[in-house]
Amino acid sequence: GVRVSAKDLKLEGSVKLPALDAEVVLGADGRVISGKVHGPDALIATLTRNDSTLMIEASADKFALPFVPGLELAQFTLKASALGGVLSGTANRRWTDGWSVDGALKARAMEAGNFAPTLVSKGRTEAQGTYSMRAREVSALISTARVHGRFGIAQGMFTKIDLSRAVQTGGQRAVGQTPFLEMTGDATYDRGAVIVRNARLVTGGALNADASLDITPSGSVSGSIVAGLSGRAQSLRTAVKL
C-alpha cells in the first residue's frame, strides 16, 4: 500500500473541524487500509479495514461525532475515554430533499452518570437501539437526533429519591438516593429530551419499583414511580410523583 502523511489537515465542509495530523495507508483502489489520526484534546483514532468495513477506534478527553460531507461510514466502533466503555453501530447517509443519517447503536460498559446525571449518579450501561437525523443543512443534523432503544444499568444509584422512605411514609417524596442492582427499560432521546418507559428497578432486597420518567433538555425530571416493599409480615406498595 501507499503511505500518506498530513500535518494540520483541515477538512472543508458545513461542520467545522479542528486541524488534524494523519498518517494512512491506501490500497491500490485508493481506499484507506489502515491509519492513525491525532488531534486536540488528546484525540487518537486508529483506522482498520476489514473487507468492506472501515473500523474506527478513538479516544479523547472530549468527544463529538460530526457527520462530514464526503465521509461515509458503513460501520464504526468508538472507544471514548470520557465516557468509558465502547460505542458501536452503523451509519447510513442519504440525500433526499435534505440530509438523512440513520442506523443502529450499541453501548457496552459505559458510565451511566455521563448520560443521565439527573437520574443516576453511577452504574455501568448496556444499551442498543436505532437513531435517525434529518435536516436541510448537515451542520444541523445533531440537533435533530432521535434515538430509541432498550437499556440496562447495573450496580447504579438512583439520584432523585429515597424510595424505601417514600414507601414507608405512604408516598411522601423523600429526598435521598436509592442504590440498585439493575435498572432496565425503554428510552427515547428526542432533540435533547429523554422519555423513559417500562423502567424496572431491582435492588436485590425488599424494594422493587416500576417507573415512567420524562427528562427535559434542561435536566428537569418528572414522572411517576410505583414502589413496593415486601416483608415477612406485610407488603407495602405506593405511587410517588416526581
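## Strands, a cavity and two residues to visit

Met183 stands opposite Leu201 in strand E13. Keep in mind as you look around that this is a predicted model. That pair is a handy place to start, so to speak, and the strands around it come next.

**The paired strands**

Strand E12 covers residues 178-190 and runs antiparallel to strand E11, residues 146-158. On its other pairing, E12 joins E13, residues 193-202, again in the antiparallel sense. The table sets out the two pairings.

| Strand pair | Direction | Bridges |
|---|---|---|
| E11 and E12 | antiparallel | 12 bridges |
| E12 and E13 | antiparallel | 8 bridges |

To find a bridge between E11 and E12 yourself, look for Gly156, whose partner in E12 is Phe180. E12 and E13 also make a hairpin, with 2 residues between the strands. One turn residue, Arg191, has a positive phi of about 50°.

**The cavity**

How many cavities of 30 Å³ or more are there? The count comes to 1. The largest cavity has a volume of about 50 Å³. Which elements give two or more residues to its lining? They are E13 and strand E14, residues 207-215. Met183 and Leu201, the pair from the opening, are both in this lining. Other residues that line the cavity include Phe158, Leu163, Ala199, Arg200, Ala209, Asp210, Ala211 and Ile225. By type, the lining has 8 nonpolar residues, no polar ones and 2 charged ones.

**Thr203, in a loop**

Follow the chain from E13 towards E14 and you meet Thr203 in the loop between them. Its side chain makes two polar contacts with backbone atoms: the nitrogen of Gly205 is reached at 3.1 Å, and the oxygen of Leu207 lies 2.6 Å from a polar atom of the Thr203 side chain. Leaving aside residues up to four places away in sequence, Thr203 touches Pro179, Phe180, Leu181 and Asn208. Phe180 is the residue already met as the bridge partner of Gly156.

**Arg237, in a strand**

Our last stop is Arg237, which sits in strand E16, residues 235-241. Is Arg237 buried or exposed? Arg237 counts as exposed because its relative accessibility is 53%, and the cut-off for exposed is over 50%. Beyond residues up to four places away in sequence, Arg237 touches Val167, Asp210, Val226, Ala227 and Gly228. Asp210 is also one of the residues lining the largest cavity. Finally, Arg237 and Gly170 are 67 residues apart along the chain, while their C-alpha atoms are separated by 8.4 Å.

Conventions
Residues numbered from 1 in each chain as written. Predicted model: local features only at pLDDT ≥ 70, side-chain atom pairs only at ≥ 80, totals over all residues. Heavy atoms only, no water. Helix = DSSP H or I, 4+ residues; strand = E, 2+ residues; numbered from the N terminus. Buried < 20%, exposed > 50% of the residue type's maximum accessible area, 1.4 Å probe, protein only. Contact = heavy atoms within 4.5 Å. Pairing = 2+ DSSP bridges. 1 Å grid on protein atoms, 1.4 Å probe; cavity = no way out; pocket = protein on both sides within 12 Å on 5 of 7 lines; lining within 4 Å. Points joined across faces, edges and corners; volume = space filled by probe spheres on them. Nonpolar A, V, L, I, M, F, W, Y, C, P; charged D, E, K, R; others polar. Polar contact = N/O pair within 3.5 Å; in protein donor to acceptor, adjacent residues only side chain to side chain.
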